Each structure stands twice: as structure tokens, then as C-alpha cells.
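I opened the notebook to go through one model, a few lookups at a time. Here is what I went after, in the order that made sense to me.

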Amino acid sequence: MLKVQLDRENPSVISLVSLWKAADWHERETYDMYGIVYQDHPDLRRILLPEDWPGYPMRKDYEFPDEYQGIPLK
């Protein structure tokens with residue numbers, strides 16, 4: 001387990017992919033859900049949600065959108 005304290009407005013930390021290859025998927029998932037940016041990550045993009053999804057759903061202040069690309073979500 002690794003814990004770090006990050007700035008809420010600009011959450012960023014150095015990637016561990018060069019040390020542990022398995023960190024690739026974990027870092028991409030936390031980027032997608034929480035918006036944490038991993039510096040020097042080789043392929044940091046969304047893995048679970050579409051690239052144009054608004055916001056980061058696992059943050060406490062996230063407001064679920066009423067619709068996505070004209071499709072009602074609620």
C-alpha cells in the first residue's frame with residue numbers, strides 16, 4: 001500500500017509504471033474515477049468512461065449529469 005497526500009485542486013503524483021508494470025491499469029483507473037494525474041505515465045487516458053465524460057465520479061463533490069450526449073441518465 002502506498003499513501004500520498006495531494007492537493008485537491010491539482011492532484012498530481014509521479015507514476016510508478018516504470019517500477020511496477022501492473023501500476024499502469026491502477027493509475028489509469030484512479031485517473032478516470034478521481035482525476036489524479038500521474039506524471040510520466042506512458043498512456044494516461046480514461047479506461048472505464050468515455051474520453052469526453054464530464055468530471056470524476058468518485059469525488060465527493062461530483063454531480064452526476066442529467067444526460068450524456070442527449071441520452072437521459074436519470
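**Entry 1: the ring cluster**

I started with the aromatic side chains, where ring pairs join Trp53, Tyr62, Phe64 and Tyr68 into a cluster. A reminder to myself before going on: this is a predicted model.

How many aromatic pairs does the structure hold? I find four. For Tyr62 and Phe64, the ring centres lie 6.4 Å apart and the planes stand at 85°, so I file this pair as edge-to-face. The angle had to be over 60 degrees for that label, and the centres within 6.5 Å for the rings to pair.

I then checked how covered these two partners are. Tyr62 has 17% relative accessibility, so I log Tyr62 as buried. Phe64 comes out at 43%, and therefore goes down as partly exposed.

One more ring turned up with a charge rather than a second ring. The charged end of Arg28 sits over the ring of Trp25, at 5.4 Å from the ring centre.

**Entry 2: the chain as a whole**

Next I stepped back to the fold. I count one helix and four strands in the chain. Reading from the N terminus, I get the order β-α-β-β-β.

For the extent, I took the principal axes: the C-alpha atoms fill a box of roughly 40 × 20 × 20 Å. The chain has 74 residues, and buried ones make up 27% of them. The exposed surface is about 5,900 Å², with 54% of it supplied by carbon and sulfur atoms.

I also looked at contacts with a separation of 6 or more. Residues 24 or more positions apart account for 30% of those in the chain.

On charges, I find 9 positive and 14 negative ones in the chain. Their mean positions are 5 Å apart.

**Entry 3: helix α1**

Helix α1 covers residues 23-34, and Tyr31 is in it. Is Tyr31 buried or exposed? Tyr31 is at 18% relative accessibility, which means that it counts as buried; the cut-off is under 20%.

Which residues does Tyr31 touch, leaving out those up to four places away in sequence? My list reads Ile36, Val37, Tyr38, Leu44, Arg45, Arg46 and Tyr56. I also took a C-alpha distance from Tyr31 to Ile14: the two are 17 residues apart along the chain and separated by 12 Å.

His26 is in helix α1 too. This residue has a relative accessible area of 53%, so I mark His26 as exposed. From His26 to Ile47 the C-alpha distance is 9.8 Å, with their positions 21 residues apart along the chain.

**Entry 4: before and after β1**

Asn10 belongs to the segment before β1, the strand at 12-14. Asn10 is exposed because its relative accessibility is 52%. How far is Asn10 from Val37, C-alpha to C-alpha? I get 8.2 Å in space, for 27 residues in sequence.

Leu19 lies on the other side of the strand, in the loop between β1 and α1. At 58% relative accessibility, Leu19 is exposed. I paired Leu19 with Phe64 from my first entry: they are 45 residues apart along the chain, and their C-alpha atoms are separated by 35 Å.

**Entry 5: positive phi values**

Last, I went through the backbone torsions for positive phi in residues other than glycine. Asp40 is one such residue, with phi near 70°. I located Asp40 in the loop between β2 (37-39) and β3 (67-68). With a relative accessible area of 73%, Asp40 is exposed.

Gln69 also has a positive phi, near 50°. Where is Gln69 placed? I find Gln69 in the loop between β3 and β4, the latter at 71-72. Its relative accessibility is 59%, so Gln69 is exposed.

**Entry 6: for the next session**

Three things I want to keep at hand. The cluster takes in Trp53, Tyr62, Phe64 and Tyr68. Tyr31 in helix α1 is buried. Asp40 and Gln69 carry positive phi values.

Methods:
Residues numbered from 1 in each chain as written. Predicted model: local features only at pLDDT ≥ 70, side-chain atom pairs only at ≥ 80, totals over all residues. Heavy atoms only, no water. Phe/Tyr/Trp six-rings, centres within 6.5 Å; stacked < 30°, edge-to-face > 60°. Buried < 20%, exposed > 50% of the residue type's maximum accessible area, 1.4 Å probe, protein only. Lys NZ or Arg CZ within 6 Å of the ring centre and 35° of its normal. Helix = DSSP H or I, 4+ residues; strand = E, 2+ residues; numbered from the N terminus. Contact = heavy atoms within 4.5 Å. Areas by Shrake-Rupley, 256 points an atom, 1.4 Å probe, with all protein chains shown as cover. Lys, Arg positive; Asp, Glu negative; His and termini not counted. Charge placed at Lys NZ, Arg CZ, Asp CG, Glu CD.
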